[in-house]
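Got your viewer open and a selection box ready? Let's walk through this one stop at a time.

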Amino acid sequence: MFNSLSDRLNDTFDRLRGKGKLTEADITSAMRDIRMALLEADVNFKVVKDFVAKTKERCLTAEVMDSLTPAQNVVKIVLDELVELLGSTESKLVLSSRIPNVIMLVGLQGSGKTTAAVKLAYLLKKQGKSPLLAACDVYRPAAADQLATLGGEIGVPVFRGDGAHPIEIAQGAVREAVDKMRDVVIVDTAGRLQIDEQMMQEAVDIKRAVKPDQVLMVVDAMTGQDIVNVVSTFAERTDFDGVIISKLDGDARGGGALSVRAVTGKPIKFVSMGEKPDSLEVFSPDRMAKRILGMGDVVGIIEKAQEAANAEQLEAAERMLRDGFTMNDMLEQMRMLKKMGGMKSILGMLPGGQRMLNQMGGNIDDSVFDKIEAMIQSMTKQERVKPSIINGQRRARIARGSGTTPADVNNLMKQWGEMNKMMGKMRTMAQQAQGGKKGKKGKRGKKMRMPGIPGMGNMGALGGMGGNPFAGMGGSSGNADMDMLRAMEQQMKGKKF
């Protein structure tokens, strides 16, 4: 999603970077390109008009930051305005003290309400809540069965009320939650292929009957321009509190989703980036804007790593920092990367990564993980712990045992050597920062901890293993303009850059 828009915007910024000084004509030309990029991405015309007008005015009148180049100042202004368009600040789901809390989902048929209900239940369950799903869609064939199946997969019960009216099902679910000590009820309502009076009135009646704490509208990111009419009608009739944007990982242009906040004034609460139950993410305007502009979402990577890491892996990180990097560590890190969504997901969050994905056609071969795992599994316990003992004869044996070639094993050994070398540098940095010596505690008596992401070494060093897209990145930010980001951070801290 937003791939084409991201590419078009970055092409515009690239042309500006080639100029030492920007004239009003340069700004006007850039704004024209941005306007066309947004319109082609299906962003609402009025939203585009207002966005470009505000952005152009700021580019021509705003105070120029000395630490940034003229092109970087333009990028910063576009980023600020895009964040403003998307909602400025995070708008998290706030539950009341009422038991049970009732969350009602509305939207058109096919927008993803049922799967969004399950994903929301999964998210709340991870937060320590005890959700109950209410199957109030009695019109779509097997809708209740679908909800029951998906709910069973995540261990959340579903109240069906077979044969009852949707209003009665919703009321019965609330009573069931009280009886069974469930603190959240998620009401999955019926939808239609298009807005009609019966659907809207039923949503209004259910809302009046159960008095939900939150009404969330589920919007398909691939709807296009019609998304404006849909959300406007629902906002008028049901007065929803926020939006869940589904299918944001799809191939459509996705600009309609950028229009929702500006058209309705309602915040985007969540976005769905996949099919799995854990693919619902709290929406962050700042992070989404940076991803659209090709600046990546490093915070998102850290959050995914923290979720994937467990206590055992954190201990392993400290051991790596103390004793060095083994093949077992490499295998564990690859498994963690799989948990985080694979290389495609992570690369899309890196600065410039989405553009790289687009240039590669969006196709990433995660089979490189299987290849490396087979080679490591073909090693003896001693070889995994101390890879430096692996000589030519051992490499040939490992290649035969894993169905690979000696050249593949050589590449693996080379990457292990680079990662082990990096671990040594990190160990030295940690010792210097904490004033300790190897294996000892720092000056304040604290154990040394791995800087950066828990349990994650330099996965970018896996180059040369079957077309891994991280190969050759070498820490480059591509077109993300990391100099600009560092300068902006320093400005926020009140320091000179």
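The tour goes from the core to the charged pairs, then to the cysteines and a UniProt annotation.

Some ground rules before you click: this is a predicted model, where local features need pLDDT of at least 70, side-chain atom pairs count only at pLDDT 80 or more, and totals for chains, interfaces and linings use all residues. Residues are numbered from 1 along each chain as its sequence is written, and side-chain values use heavy atoms, with hydrogens and water left out.

**Stop 1: the core**

Select Val187 and Phe234. These two touch the most other members of the largest nonpolar core, which has 72 residues. A nonpolar core here is a set of buried Ala, Val, Leu, Ile, Met, Phe, Trp, Tyr and Cys residues joined through side-chain atoms within 4.5 Å. Buried means under 20% relative accessible area, exposed means over 50%, and partly exposed is in between (1.4 Å probe, protein chains only).

Now colour helix H4, residues 70-86: the largest share of this core, ten residues, comes from there. Helices (H or I, at least four residues) and strands (E, at least two) are DSSP runs, numbered from the N terminus. The core also draws at least three residues from each of domain 1 (5-86) and domain 2 (101-295), with bounds that come from an automatic or database domain assignment.

Which residues are in contact with Phe234, leaving aside its neighbours within four places in sequence? Show Val106, Gly107, Leu108, Ile195, Met199, Met200, Met217, Asp239 and Phe240; contact means heavy atoms within 4.5 Å. Apart from this core lies another, of 23 residues, and Ala116, Ala117, Ala144 and Ile154 are among them.

**Stop 2: the charged pairs**

Side chains of opposite charge can pair when their charged atoms come close. The whole structure holds 20 salt bridges, each being a side-chain nitrogen of Lys or Arg within 4 Å of a carboxyl oxygen of Asp or Glu.

Start with Arg58 and Asp80, whose side chains meet at 3.5 Å, N to O. Arg58 sits in helix H3 (residues 45-61) and Asp80 in helix H4, so the pair ties together parts that are 22 residues apart in sequence. Arg58 is partly exposed at 28% relative accessibility, and Asp80 is partly exposed at 27%. Add Lys54, Lys76 and Glu81 to the selection: together with Arg58 and Asp80, they are linked in a network of salt bridges.

Next, go to Arg237 and Glu197, a salt bridge at 3.1 Å, N to O. What does this pair tie together? Arg237 belongs to helix H9 (residues 227-238) and Glu197 to helix H8 (residues 197-210), so the link joins parts that are 40 residues apart in sequence. Arg237 is partly exposed at 31%, as is Glu197 at 47%.

Stay on helix H8 for Asp205 and Arg208, whose closest N and O atoms are 3.1 Å apart in a salt bridge. They are three residues apart, so about one helical turn separates them. Asp205 is partly exposed at 23%, whereas Arg208 is exposed at 53%.

**Stop 3: cysteines**

Pick Cys59, buried at 16% relative accessibility, then Cys136, buried at 0%. How many disulfides does the whole structure have? Zero, counting pairs of cysteine sulfur atoms within 2.5 Å.

**Stop 4: an annotated stretch**

Finish with residues 267-280, which an unreviewed UniProt entry lists as "domain: SRP54-type proteins GTP-binding". That stretch is 0% helix and 43% strand, with its end C-alpha atoms 16 Å apart. UniProt positions are given in the numbering used here, feature names are shortened, and annotations may be inferred rather than shown by experiment.
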